[in-house]
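Me: I have a model open on my screen and would like to learn how to read its charged pairs and one of its helices. Could you walk me through them?

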2 protein chains.
Amino acid sequence: MAVTMQDVAARAGVSIKTVSNVVNGYPHIRAATRERVEEAIDHLGYRINETARSLRTRRTDMITLAVPELSLPYFAELADSVIQAADARGLTVLIEQTGHGRVREVDVLTGKRRNMTDGLIFSPLELGPEDLALFDVDFPLVVLGERVFGAPADHVTMNNVAAAKAATMHLAALGRKRIAVVGGHEGEQVGSAALRTTGYRQGLEAAGLPYDPALVAEAGLWHRSTGAEAMGRLLDDGVEVDGVFALNDALALGALHALHTRRMEVPGDVSVIGFDDIDDARYSVPTLSSVDPGRVQIAQTAVELLVARITGAETGPYRRVIPDSRIIGRESTGDVPEGGEGRPVAVQQGGIEQVAVAAAPAPA
Amino acid sequence: MAVTMQDVAARAGVSIKTVSNVVNGYPHIRAATRERVEEAIDHLGYRINETARSLRTRRTDMITLAVPELSLPYFAELADSVIQAADARGLTVLIEQTGHGRVREVDVLTGKRRNMTDGLIFSPLELGPEDLALFDVDFPLVVLGERVFGAPADHVTMNNVAAAKAATMHLAALGRKRIAVVGGHEGEQVGSAALRTTGYRQGLEAAGLPYDPALVAEAGLWHRSTGAEAMGRLLDDGVEVDGVFALNDALALGALHALHTRRMEVPGDVSVIGFDDIDDARYSVPTLSSVDPGRVQIAQTAVELLVARITGAETGPYRRVIPDSRIIGRESTGDVPEGGEGRPVAVQQGGIEQVAVAAAPAPA
């Protein structure tokens, strides 16, 4: 069987990307690393696949965006923002929906399509910290989201904890004392639900409110339907609620529906705030207060980082970028009068940091 | 310059697909047609591009879906349905967003990406009847929508006129006499706006209501924002309105918002019905009555037709398929009590017909 780049990487004790860098003659590789790789290549008799190499150096001017689900408004709008940012650079975006499937997510990183475009922007929903090795790929990659930290790739994420904390504190500042959280994933340590729930608990604590597990409404998928069900269960169980922090806007819109059908007034009886600031938030009845995680900036940054890796303009350490986020007050928290435009009521500062690549050896 | 398949087609007076069929040795080609093509090949010295040919016969198990805009919920949900239908057949879908750009739409049919997957499902928004020749392509193609009729391709469309007529008649049957239409495109002869407006006028006529141009609210793009603006203009101009037929659900949700901010009750003062039956319609406040155009069936049929052309299981005349559509009554027309599930209040029968290929010679 042919010796693969993986075999060389394993013998040399370096990442596949390092092997790829040596093979492709990139500068900025430490001499010792280069020697180890070259020794492994000689020892194993690895032959560079020239066809694959020529395919790689021939630009397609296309990039791939892989997201879990386009029928979730956040991802549809993110895709739109990525397409616009790419378009401004003359790039076409091919979109792949991975559904809620681990196999499809692995396929995005390792399948035969991976070299069909110049690079990949990938928002995983199933892969997690245990899958870091899969992210050590030989093509330009930018990771989105909060499931995977420390992969050898540039990463654009959100101010999840700080923004969720601020949203909860905003409800508390309005005098709300029984603040439910809709969309919790019990026992989950990784991902948006865990981080935003942490922020919720920090917000309660900062506001001097007790944490009451009865106020956590679980919802596996974050759709309108599951939000309506979760909110309905809470109300039908007789739990007293005067505020709702929904972990995304689809859940919040479902919660609004459940409150409406039970003739509870928003924001009179219950103040509601969501997360994502999707277009719908401006037009729901009442309009929905939400966390704007900086979607447009996320998309633009992801495309910029990817293009810099594709062109080789950037060969330095991987970066993690967190855009500023904002709490946008609308009718559902009474921050604006009926018919009023939404307005920012709090800002959470983002930032840029160097990725501490976990587990595997750092790329040269 | 190298002789192309286009040159051969032009000289032989046949479609590119016919040349492709001859070159690839498909049966079912009339002897006279084959001779004309072979004469043109000999005369022009056309050389089959073997590389391209081998690429074409090597399946990728991927198909492309090209839609105008993923942030429009209808297209996001359509994409989701296409992905599910394709997934059931082991196919991966790559999605391209064409935006509102003619250049991008032409590129989808003629650009370098066209042979990257096994076939294309394409919903054009800019191309129209004058562009039929562009649809004469040498790869499997299924056309969606109502901009292009008579292209040499299978076509899945909607019951636009009949469904719009039924929606308007439904409002009239509720006693509504001043029925506005939101989303009109004045002067446009082609596409959803023209067809649905025709259905609206037929519905008025069938109900014995006069057509009043003052009740037509124009909106170029069909988003929530434009729906809210169009509805707001109508109301602020003092036009008397007791019913609204919005040409899609995003417009309808915007119209609901505009009515709400002007303290008009839905369905008390005004009954509202949309078109598309997006997920949001079940959760808006009030829930939105709508036309279900048979989205899931559209997606499944499109994938089935495409797969049949890819595998060669179908080589006969092109077909046009129109799924059944349904008017779904919800709170916004008072068809269900508050909190009640939507229910079909009218059905429009679809059907299958043979495409009469326009202009160009029929494929062999």
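Me: Let me start with one residue. With which residue does Glu304(A) form a salt bridge?

Reply: Happy to help, and please keep in mind that this is a predicted model. The general idea is that side chains of opposite charge can pair when their charged atoms come close. Here Glu304(A) pairs with Arg89(A), and their closest N and O atoms are 3.4 Å apart. Glu304(A) sits in helix H11 of chain A, while Arg89(A) is in the loop between helix H5 and strand E2, so this bridge ties together parts that are 215 residues apart in sequence.

Me: Are these two partners buried, partly exposed or exposed?

Reply: Glu304(A) has a relative accessibility of 42%, so it counts as partly exposed. Arg89(A), with 36%, is partly exposed too.

Me: How many salt bridges does the structure hold over all chains?

Reply: There are 32 of them. Let's look at another one: the side chains of Arg224(A) and Asp280(B) meet at 2.9 Å, N to O. Arg224(A) lies in helix H9 of chain A and Asp280(B) in the loop between strands E9 and E10 of chain B, so this pair joins two chains. Both residues are buried.

Me: And which residue of chain B forms a salt bridge with Asp280(B)?

Reply: That is Arg224(B), again at 2.9 Å from N to O. This pair links distant parts of the chain, with Arg224(B) in helix H9 and Asp280(B) in the loop between E9 and E10, 56 residues apart. Arg224(B) is at 6% relative accessibility, so it counts as buried. Asp280(B), at 5%, is buried as well.

Me: Which residues are linked with these in a network of salt bridges?

Reply: The network is made up of Arg224(A), Asp279(A), Asp280(A), Arg224(B), Asp279(B) and Asp280(B).

Me: Now a helix, please. How should I read H8 of chain B, and what does it pack against?

Reply: An α-helix has 3.6 residues a turn, so residues three or four places apart point the same way. H8(B) covers residues 192-206, and its 15 residues reach 21 Å from the first C-alpha to the last, close to the 21 Å expected. Its buried residues include Ala193(B), Arg196(B), Tyr200(B) and Gly203(B). The buried residues of H8(B) pack against helix H7, strand E6 and strand E8 of chain B.

Me: What follows H8(B)?

Reply: Look for Gly208(B) after the helix; its phi is positive, near 75°.

Notes: Residues numbered from 1 in each chain as written. Chains lettered and ligands numbered in written order. Predicted model: local features only at pLDDT ≥ 70, side-chain atom pairs only at ≥ 80, totals over all residues. Heavy atoms only, no water. Salt bridge = Lys/Arg side-chain N within 4 Å of Asp/Glu carboxyl O. Helix = DSSP H or I, 4+ residues; strand = E, 2+ residues; numbered from the N terminus. Buried < 20%, exposed > 50% of the residue type's maximum accessible area, 1.4 Å probe, protein only. Expected span 1.5 Å × (residues − 1). Contact = heavy atoms within 4.5 Å.
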